[in-house]
Each structure stands twice: as C-alpha cells, then as structure tokens.
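Subject: Structure for you to look at

Dear colleague,

Here is the structure I said I would pass on. My notes on it follow below.

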Amino acid sequence: MSRRPEAPGETNDDTCDVVIVGGGASGLSLAHHLAATGSSTVTVVEAPDGPRRPPERTWCYWERGSGDFAEAVSASWSRLRVHGTDGRANTVDPSPLRYRMLRSTVFERLVHSRLARSSGSRVLRATADTVHDTADGAEVHCTTPDGRTLTLRARHVFDSRPPRSLPPARTQLMQHFRGWFVRTDADRFDPAVADLMDFRVPQPRHGLAFGYTLPLAPDRALVEYTEFSRAPLTTTAYEAALAHYCRDILGLGAFTVESAEQGVIPMTDARFACRTGPAVFRIGAAGGATRPSTGYTFAAVQRQSRAVAAALRDGRAIVPAPHGRRALAMDAVLLRALDTGRIDGPGFFTGLFRRVPPERLLRFLDGDTSLSEEWGIGLCTPVGAMLRTAVELPFLPRRSQPDPRIGESPR
C-alpha cells in the first residue's frame, strides 16, 4: 500500500487492490476469501463503535462438511422440524447437510484474526462517506473516529452498505421478527432438533406467521416470532406474541430472557444491481444476496465471495448474481401468490417439507437443484394458483415500495 504526505487535518491517502465497504457478513466473507487467495491487497472499512455499528446478529445456513467458519459455529442441528397449523409435526434429517448458527461477534473475531495474519489485508475503523469511480479505479472517502479524512484508492471497490431505497418491484413483503435467547428452569429443548417453522401460532389476516426455535442446550434456546407480511409490528406486539408462543405453545414453564434481537428483511422481486460503476460493485443483501422467498443470505454470500475471489485471482473483475434466474423467477411467483392470498402460506411450506426429500428441498431453497428436480418440487405445490400467478406476473408494473430498514439477514 502506498501513501502520500499527510496534510493538516487529514490522514495519509492509501492505495490498494480492493476496498470493501462494510464489515458485516458479506464484507468480511469477501475479505476472508480474497486473503485466502493471496492475490490482492485488501482494506475493509468497518464502522467504528457507536450508532453506525449494528447490534449483535444471528446468521443461520445449511451446508455439508465442516465449512470455512467451523470455529465460529455456535450450534448446529442434524434434524429439522416443521409444525403445521393442525399441530402435526414433521421431523426430517437432511444429511449430509447440517443447519448451523453463527453469532456475528464470534464470526467477526475469527475473520479479523485471519486477516491480521495476512500481510496484504487490514481492517480500518472509519465511516465511509462517499464512493465513486475514477479514471483508473475508484475512491472511498472516509472519516476516522477522531474526525480526520482519509481517501482510499483501489482498483475495485465492493460496497455492502444498504442502498438508500429499494429498487422498484412487483411484490414486496417483509420478513420481520423478534427473538428471545431464553433459559428455562428445567430442560425443555432437544438440542438435536431445530424448529424451522411452527405454524401453531395465530395467523395474521394477511401473510403468515410462525415460531422458530434453535436449541442451544437442554435449557437454552433462541426462540423467535416471525411474520411474512406487508408491515412490521410494534415491539410490544412482538413481545406479546413471543410470550404466548413460549408459554402456551412451547410450554416452557418458568424462563428468563437473557437477550433479544429484532429485524426486518425485505422479501422482494426487485432487481438488485451487482455493479454501480466500472470499478464499484454491490455485495451481500445490498446486491441481492437475500433469497426473496426465505430471507436466507449467508450461504449465497459465501458462493458469491468465492466466485469474486477466484475471478480477481484470474485477473477478471466480475460479481456474479447471487441467485440464478430460475430461482428468482420461482420466488417472484411465490411472493405474488402469498401476497394475493391465492395460496395458504402455512399449508404451502408444510406441504413442501412433508412431500419433498429434505436434502433436495434444502438444495432447492439454495438454488442448487436441476430443472427436473424443480419440476418435481413444483408438482408438490398448488399448481393452479401458481400457474395463474406466473401468467399474470409479466404484465404487472414494477413500482417503488416503502423501504424497510435493510440490514444483513440473520438467516
């Protein structure tokens, strides 16, 4: 990295191969994969302590093998369970896949330590103010915690900051939730089984709602109340829904809430641009990595980060789309069918888990299935309602939507 002489009130300017704006899941994942190739010098601009830094978050995903971040995994589960509105439970074993949980602080600590051991990588605590293209790359203008300015110059900039507004869409729902980390007075959980969707909770008039339970020990778990609908709830309403779920449905008895988390994830068929200039790219949720039909992001971020690192190693500057066209087209149909009420959301998801082999279903949700597999899965859905929606979609205009607070997905 090169520097020019320092001016009054200003830190030295820096030059490197890659600047990554944002030190969340997508920014740090890309930095990790770039450092592993050793082909680029990398600066991660990470917000300093204060209101710009998000609270601790939970990210979940499924994968086979140990994966790149095994040291940071807080918990994992070999079996998954879905409860229908009729109370019937369906427990599946998706092996060789396992469902895993990462906590953001542990993940950040692990990646920071790996970057510290890489001679060409560093994390800079600063606020990124502006990003723009230049004749030979791009510049990021930053402000350090002590108020000085810094200009970072790079051949490529990867920006994970939330956009100011969402792109126009035909359908936009929100996945919004609040979760409690609870400790019970007696053993109430099976640490081998994660409850992905429990539809025994009261259903809203529009959209769907479910409980989500990730056991961490026989007496500890993350318990969430989640809705797919058009608008988030008040914190008071989430608290009431969680209390009802823990007390009346899970039957936890006496318990203590040790901490809480809350969030909103856009579920939209908007088209997110992966490139905003010749040398500036969008990554993570800001670049469309969130799967519209589920809200999961972390696995897509890893695929995209590996592909970007491989491309830069080979002398190419590309950011592949996080999800394939077929997957996005199917998600657009599902979102519209849910939003119009043509399909029953709880029945749709429980039907998939009851009829489709679990490993194939999870690969489908990750966009990793063949056309023939997707055809078979499609036959397990309400075919008439889905076909009617598919025919309707091309004629619907894309409109600007209300912009929920976009953060990195906890899924």
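In this predicted model, strands E15 and E16 are joined by a hairpin with two residues between them. E15 covers residues 208-217, and E16 covers residues 220-229. The two strands run antiparallel and share nine bridges. One place to find the pairing on screen is Thr-213, which has Val-223 of E16 opposite.

E15 also pairs with E14 (193-198), again in the antiparallel sense, but here over two bridges. In that pairing Asp-198 faces Gly-211 of E15. Nine of the ten residues of E15 are buried, so the strand is largely enclosed by the rest of the structure.

Both E14 and E15 take part in the lining of the largest cavity, each with at least two residues. Searching the whole structure turned up four cavities of 30 Å³ or more. The largest has a volume of about 190 Å³. It is lined by 16 residues, and those closest to its centre are Leu-196, Met-197, Thr-294, Tyr-296 and Leu-365. Helices H6 (345-355) and H7 (358-365) likewise give at least two residues each, and H6 has the largest share, with three. By class, the lining has twelve nonpolar residues, three polar and one charged.

The second largest cavity has a volume of about 70 Å³. Its lining includes Cys-60, Tyr-61 and Trp-62, along with Arg-291, Arg-303, His-323 and Asp-366. Tyr-296 and Leu-365 are also among the residues that line this second cavity, and both are listed as closest to the centre of the largest one. Strand E4 and helix H4 (298-313) each contribute at least two lining residues. Seven residues of this lining are nonpolar, two are polar and three are charged.

E4 leads to the next item, a sheet. Three strands form an open sheet in the order E4-E8-E5, paired antiparallel. E4 (58-64) and E5 (73-77) are the edge strands, each with a single partner, so one side of each has no neighbour in the sheet. Neighbouring strands in this sheet are turned by 25° against each other on average, direction ignored. As general background, strands in a sheet pair through backbone hydrogen bonds, in a parallel or antiparallel arrangement.

The pairing of E4 with E8 (residues 97-103) is antiparallel and has seven bridges. Trp-62, one of the residues lining the second largest cavity, has Tyr-99 in E8 as its bridge partner. Helix H2 (residues 104-116) lies across E4 and E8, at about 85° to E8.

Helix H7 is worth a look of its own. Which of its residues are buried? They are Leu-361, Leu-362, Arg-363, Phe-364 and Leu-365. The buried residues of H7 pack against strands E4, E6 (79-83) and E8, and against helices H5, H6 and H8. Just after H7 comes Gly-367, with a positive phi of about 75°.

H7 also has a part in an open site, the second largest pocket, to which it gives two or more lining residues. That pocket has a volume of about 620 Å³. Of its 24 lining residues, Met-330, Glu-374, Gly-378, Thr-381 and Met-386 are the closest to the centre. The other elements that give two or more residues are H5 (325-340), H6, H8 (371-378) and H9 (383-392). H5 makes the largest contribution, six residues. The lining divides into 17 nonpolar, three polar and four charged residues.

One last residue to find is Gly-341, in the loop between H5 and H6. Is Gly-341 buried or exposed? Its relative accessibility is 52%, and the cut-off for exposed is over 50%, so Gly-341 counts as exposed. Gly-341 and Ala-385 are 44 residues apart in the sequence, while their C-alpha atoms are 9.7 Å apart in space.

Regards

Definitions and conventions
Residues numbered from 1 in each chain as written. Predicted model: local features only at pLDDT ≥ 70, side-chain atom pairs only at ≥ 80, totals over all residues. Heavy atoms only, no water. Pairing = 2+ DSSP bridges. Helix = DSSP H or I, 4+ residues; strand = E, 2+ residues; numbered from the N terminus. Axes fitted to C-alpha atoms, helices over the stretch in contact; angles between N-to-C directions. Contact = heavy atoms within 4.5 Å. 1 Å grid on protein atoms, 1.4 Å probe; cavity = no way out; pocket = protein on both sides within 12 Å on 5 of 7 lines; lining within 4 Å. Points joined across faces, edges and corners; volume = space filled by probe spheres on them. Nonpolar A, V, L, I, M, F, W, Y, C, P; charged D, E, K, R; others polar. Buried < 20%, exposed > 50% of the residue type's maximum accessible area, 1.4 Å probe, protein only.
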